[in-house]
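I am opening a fresh page to write down, entry by entry, what I looked up in this structure. I begin with one term that I need before I can read a sheet.

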Amino acid sequence: MDQLLKILSDNALTPAADIARMLGISAEEVRQKIDDYEKRKVILGYKAVIDEDKLNLDRVKAVIEVKVQPEREGGFDRLASRIGKFPEVRSMFLASGTFDFLLFVEGANLREVASFVSETVSTIEGVTATATHFMLKTYKFEGVLMKGQDSNERLSIAP
Amino acid sequence: MSVSPSHPERWIAQHVTGLPRSGIRDFFELVQGVPDVISLGVGEPDFTAPWRAREAAIYALERGRTSYTSNLGLLKLRRAIANFLAKHFQLGYDPEKEILVTVGVSEALDLALRALLDPGDEVIIHQPCFVSYAPSIKLAHAKVVEVVTSPESGFQLDLNALEKAITPKTKAVLINFPCNPTGSTLSSDTARKLAEVIIRNDLLLITDEIYACLVYDQPFVSPASFPGMHERTIYLNGMSKAWAMTGFRLGFVCAPQPLLEAMMRVHQYCMMCASIISQEAAVAALSYCDDDIEQMRQSFHKRRNYLHARFLELGLKCELPQGAFYMFPDIRELGLQSKDFALQLLESQKVAAVPGSAFGSAGEGFLRCCYATSIDELREACDRIGRFLETLR
Ligand SMILES: Cc1ncc(COP(=O)(O)O)c(C=O)c1O
């Protein structure tokens, strides 16, 4: 991956002037490259990584396995775009194995998520089975450990 | 004459009495007392050891792997070392007889010097250099001969000066590139010419390549890799820096079999073997962590560029270091000795860096700043250094 993207994916708030110093290019060039990535939709957005467990939001997250009957013309993609448009679906993948789609779903409470699955997803034509797993606790999200690492007690002066 | 029992110093060996305390140690004690210090004085990565390596250590404990190992070290580790050196540095060492696992490069260096030097032998080192070299040579009862590397040449090894320093008593040349504290490295051309000098003068080369994986502009070419060098090179490397495994205390030395055997004899009586837990961790690190060390190298690369750019913006003269994780800015025109500079910087701005004089008199006028620290800390450190420089101008 381009080092510029690496820096932004580690910390999207890094000032352009600092990125410029790290990469040995001008701040103007940094801004141009970022613009270009945004225009080409390589960069789709910037977000904060939030430990939601700390906020007592009482929101419910679930992973849903969905088995479907792919359509003759549309394959998986048409069904995927239909299911993926629901705002409850935060992320969605086609996966290999005993089911087809893997959905990451969020809702205000258990009932809301359950009814989204039973009344909406399951009733879509082509969906043959679902399995819902409610998430109980987040340990690691997007490469970030929620507990953090213990601080590394380096000596402040060493040879 | 009766001797007063209140002077236990009299029992200390003469050559140890003559050994100066490390300048780093003194400075460390000062820094300890100061709260909220940002330290650029460290000599190790801010990363934790790769999880694969830590997990392998845990697994070793779970399986009850708590015994001694062969004096040479676990064979599977020696094989992993041989593979790593062949793959990355085109070095061919026989894992059965030419590799010895040690407690850090520190032990490997001590073994090499004690096993190979006779009293009166001369060892040439370049200066400024790692703090252990001169004392370790003296502890092996040999004589230190110093060749200065100058800031004007980017702290490159000066082969003419090196050759002039050779006398009939010279037995070995001890080098460290990429270099702690200067960050300079050895071009492949200089490495080849150095090999020629070593061979022409029938010397031994001890090469401490602990930072060899941490280079940013050109791949590192080991002087050990040139024809005719295998039989006269003691090659030192270890897990501390590139794998961020300082606390595991694991290093290794590679050498032709008769020399390795001599070092093994010293090692078997003074150390027996390196910790089996660390050895198991090192097997995992060498086998599975190429990606981890590449990620760390890339971070160091960006931090180097950042710190160098900031230093130049602050008006500090500074070479762009090619390797290791140290920046060695020139403070000669700022009117303070490096020790006073470091002290005042610590007292007034709470930034710790190591005075260049800790690495030998040729380091006077410089400051060693380690950039194995987060960009946020480097940014804050630079802001503070900037404020300090204002007060000097
Ligand atoms: C040049 C050099 N050699 C050797 C060492 C010691 O390394 P180890 O942790 O393997 O004993 C260091 C550590 O700072 C070093 O900078």
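Entry: a term, then the sheet of chain A.
Two strands pair if DSSP finds at least two bridges between them. With that in hand, I looked up the sheet of chain A in this predicted model, and I found four strands forming an open sheet in the order β2-β3-β1-β4, with antiparallel pairing. The edges are taken by β2 (89-94) and β4 (127-134) of chain A, each of which pairs on one side only. I noted as well that neighbouring strands of this sheet are turned by 20 degrees against each other on average, with direction ignored.

I then followed one pair inside this sheet, and I saw that β1(A) and β3 (residues 101-107) of chain A are joined in the antiparallel sense over seven bridges. To fix the register in my mind, I wrote down that E65(A) stands opposite L102(A) in β3(A). Helix α4 (residues 77-84) of chain A packs on the sheet and touches β1, β2, β3 and β4 of chain A, and its direction makes about 165 degrees with that of β2(A). Helix α5 (residues 110-121) of chain A also packs on the sheet, touching β1, β2, β3 and β4 of chain A, with a direction at about 170 degrees to that of β4(A).

Entry: loop and surface of chain A.
Which residues make a nonpolar surface patch of about 240 Å²? I found that V49(A), F141(A) and V144(A) make this patch, and I placed V49(A) in the loop between α3 (27-39) and β1 (60-68) of chain A. The loop between α3 and β1 of chain A also holds N56(A), which I marked because I had looked for backbone angles: N56(A) has a positive phi of about 45 degrees although it is not a glycine.Entry: the sheet of chain B.
In chain B, I looked up an open sheet of seven strands, and I copied its order as β2-β8-β7-β6-β5-β3-β4, with mixed pairing. Its edge strands are β2 (99-102) and β4 (143-148) of chain B, each pairing on one side only, and the twist averages 20 degrees from one strand to the next. Strand β3 (residues 122-127) of chain B runs parallel to strand β5 (residues 170-175) of chain B, and four bridges join them. Within this pair, I noted that E122(B) stands opposite T170(B) in β5(B).

Helix α5 (residues 104-116) of chain B packs on this sheet, touching β2, β5, β6 (204-208), β7 (233-238) and β8 (251-254) of chain B, and its direction makes about 160 degrees with that of β7(B). Helix α9 (residues 257-270) of chain B lies across β2, β6, β7 and β8 of chain B, where it runs at about 25 degrees to β2(B).

Entry: cis peptide bonds in chain B.
I looked up the bond from Q127(B) to P128(B) and found it cis, with omega near 5 degrees; P128(B) lies in the loop between β3 and α6 (133-139) of chain B. The bond from F177(B) to P178(B) is cis too, with omega near -15 degrees, and I located P178(B) in the loop between β5 and α8 (188-200) of chain B.

Entry: charged pairs.
How many salt bridges does a search of the whole structure find? I recorded 38 over all chains. I picked out the one in which the side chains of D18(A) and R379(B) meet, at 2.6 Å from N to O. This pair crosses between chains, from D18(A) in helix α2 (residues 16-23) of chain A to R379(B) in helix α13 (residues 375-392) of chain B. As a reminder to myself, side chains of opposite charge can pair when their charged atoms come close.

Entry: confidence.
Last, I checked how sure the predictor is. Chain A averages a pLDDT of 91, with 97% of the residues scoring at least 70, and chain B averages 95, with 99% of the residues scoring at least 70. Among the elements of chain A, the lowest mean pLDDT, 85, belongs to strand β6 (residues 144-145), and the highest, 97, to α3(A). For the complex, I wrote down an ipTM of 0.76 and a pTM of 0.89 from the predictor. I keep one caution beside these numbers: where pLDDT is low, the predicted coordinates should not be read in detail.

Methods:
Residues are numbered from 1 along each chain as its sequence is written. Chains are lettered from A and ligands numbered from 1 in the order in which they are written. This is a predicted model: local features need pLDDT of at least 70, side-chain atom pairs count only at pLDDT 80 or more; totals for chains, interfaces and linings use all residues. Side-chain values use heavy atoms; hydrogens and water are left out. Patches are made of residues with over 30% relative accessible area and no salt bridge: like charges are joined within 9 Å, nonpolar side chains (Val, Leu, Ile, Met, Phe, Trp, Tyr) within 5 Å. Accessible areas come from the Shrake-Rupley method with a 1.4 Å probe; for residues, only the protein chains shown count as cover. A salt bridge is a side-chain nitrogen of Lys or Arg within 4 Å of a carboxyl oxygen of Asp or Glu. Helices (H or I, at least four residues) and strands (E, at least two) are DSSP runs, numbered from the N terminus. pLDDT is the predictor's confidence in each residue, from 0 to 100. Axes are lines fitted to C-alpha atoms, for helices over the stretch in contact, and angles run from 0 to 180 degrees between N-to-C directions. Contact means heavy atoms within 4.5 Å.
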